[in-house]
Amino acid sequence: MPPIEVHPLQPFLPPAARVLMLGSFPPPRQRWSMDFFYPNFANDMWRVMGQVFFADKEYFVDRAHKTFRLEALRQFLTEKGIALYDTASAVRRTEGSAADSNLEIVEPTDIAALLRQLPRCQAIITTGDLATRLLAQSLALPALPRIGAPVETSIGGNSICCHRLPSTSRRLPGPIEQKAAAYAEILKFLNQ
């Protein structure tokens, strides 16, 4: 039986965060280019964010070192009010890969506990199918959020809109610009 992996990162929770972005679980460490969320250099999350907020998909990219500009990311996320974590806190990799289909969830994340630390949170974004299903289970949502069809819920008296956005994995089809358009539509309120 594969070993249990406990999440290697602490939640990134800026105090004024208005958005909680949730993936499923980090890839195996050998695929990391930095010690932060979406660490795989082949993943397009930080290129999508560069395109959405700076009209430059290379904005956070450190091409010379095949990594991302971590301090710029931390500052950007804090200023924009975007918190990050994953919907699983412990998993087994059935095939040893980063694919969600190869993750056996041992311990789902207590998302309500994360939200208690984010009193200004107005939206939750999931970045893949597994993350969306785990969010729906964790918060007992009345329906599964779909791309373009968010689900509203109330947590601790706060109204929160749960969105499903496209995965930024390169294994899934679609150009960065197309994915960025979907993210821009949901995140536009952060520029107000």
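The following conversation between a trainee and a mentor goes through a predicted model and asks what lies behind some of the terms used for it.

Trainee: Why is Val48 called buried?

Mentor: Val48, which lies in helix 1, has a relative accessibility of 0%, and since the term buried applies under 20%, Val48 counts as buried.

Trainee: What is Val48 in contact with, leaving aside its neighbours within four places in sequence?

Mentor: With that restriction, Val48 is in contact with Thr168, Ile176, Lys179, Ala180 and Tyr183, where a contact requires heavy atoms within 4.5 Å. Ala90, by comparison, is 42 residues from Val48 in sequence, and the two C-alpha atoms are 27 Å apart in space.

Trainee: How do you know that the buried residues of helix 2 line one face of the helix?

Mentor: The buried residues in helix 2, which spans residues 70-80, are Leu73, Phe76 and Leu77. When one looks down the axis of helix 2, these buried residues fall within an arc of 95 degrees, and therefore they line one face. Glu71 and Glu79, on the other side of helix 2, are exposed, a term that asks for over 50% relative accessible area. What covers the buried residues of helix 2 includes helix 1, strand 4 and strand 5.

Trainee: What makes both faces of strand 8 count as covered?

Mentor: In strand 8, residues 123-126, Ala123 and Ile125 are buried on one side, while Ile124 and Thr126 are buried on the other. Strand 8 also pairs with strand 2 in the parallel sense over four bridges, and with strand 10, again in the parallel sense, over four bridges. Ala123 takes part in both pairings, as the bridge partner of Val19 and as the residue opposite Cys161 in strand 10.

Trainee: Why is no disulfide assigned to Cys121?

Mentor: The closest cysteine sulfur to that of Cys121 is in Cys162, at 8.6 Å, and because a disulfide requires two cysteine sulfur atoms within 2.5 Å, this pair is too far for a bond. Cys121 is buried, with a relative accessible area of 3%.

Trainee: What makes Cys162 fail the criterion for a disulfide?

Mentor: For Cys162 the closest cysteine sulfur is in Cys161, 6.8 Å away, which is too far for a bond when set against the cut-off of 2.5 Å. At 0% relative accessibility, Cys162 counts as buried, and the structure as a whole holds zero disulfides.

Trainee: Why is Thr87 called buried, although Thr87 lies in a loop?

Mentor: The term rests on accessibility, and Thr87, found in the loop between strand 5 and strand 6, has a value of 1%, which is under the limit of 20%, so Thr87 counts as buried. Not counting residues up to four places away in sequence, Thr87 touches a set of residues that includes Leu22, Pro108, Ile111, Ala131, Leu134 and Leu135.

Trainee: Which residues of helix 4 are buried, and what do they pack against?

Mentor: In helix 4 the buried residues are Leu130, Ala131, Thr132, Leu134, Leu135 and Ala136, and they pack against strand 2, strand 6, strand 7, helix 3, strand 8 and strand 10. Helix 4 also gives the most to the lining of the largest pocket, with four residues. That pocket holds about 710 Å³ of space and is lined by 32 residues, among them Asn43, Ala98, Asp100, Ser167 and Ser169, which lie nearest its centre.

Trainee: Why is Ala140 called exposed, and what is its phi?

Mentor: Ala140 has a relative accessible area of 64%, and because exposed means over 50%, the term applies to Ala140. Ala140 is found in the loop between helix 4 and strand 9, just after helix 4, and its phi is near 50 degrees, a positive value in a residue other than glycine. Most residues other than glycine have a negative phi.

Trainee: Is Tyr38 buried or exposed?

Mentor: Tyr38 is buried, because its relative accessible area of 12% is under 20%. Tyr38 is found in the loop between strand 2 and helix 1, and phi of Tyr38 is near 50 degrees, a positive value in a residue other than glycine.

Technical notes. Residues numbered from 1 in each chain as written. Predicted model: local features only at pLDDT ≥ 70, side-chain atom pairs only at ≥ 80, totals over all residues. Heavy atoms only, no water. Buried < 20%, exposed > 50% of the residue type's maximum accessible area, 1.4 Å probe, protein only. Helix = DSSP H or I, 4+ residues; strand = E, 2+ residues; numbered from the N terminus. Arc of directions from axis to C-beta. Pairing = 2+ DSSP bridges. 1 Å grid on protein atoms, 1.4 Å probe; cavity = no way out; pocket = protein on both sides within 12 Å on 5 of 7 lines; lining within 4 Å. Points joined across faces, edges and corners; volume = space filled by probe spheres on them.
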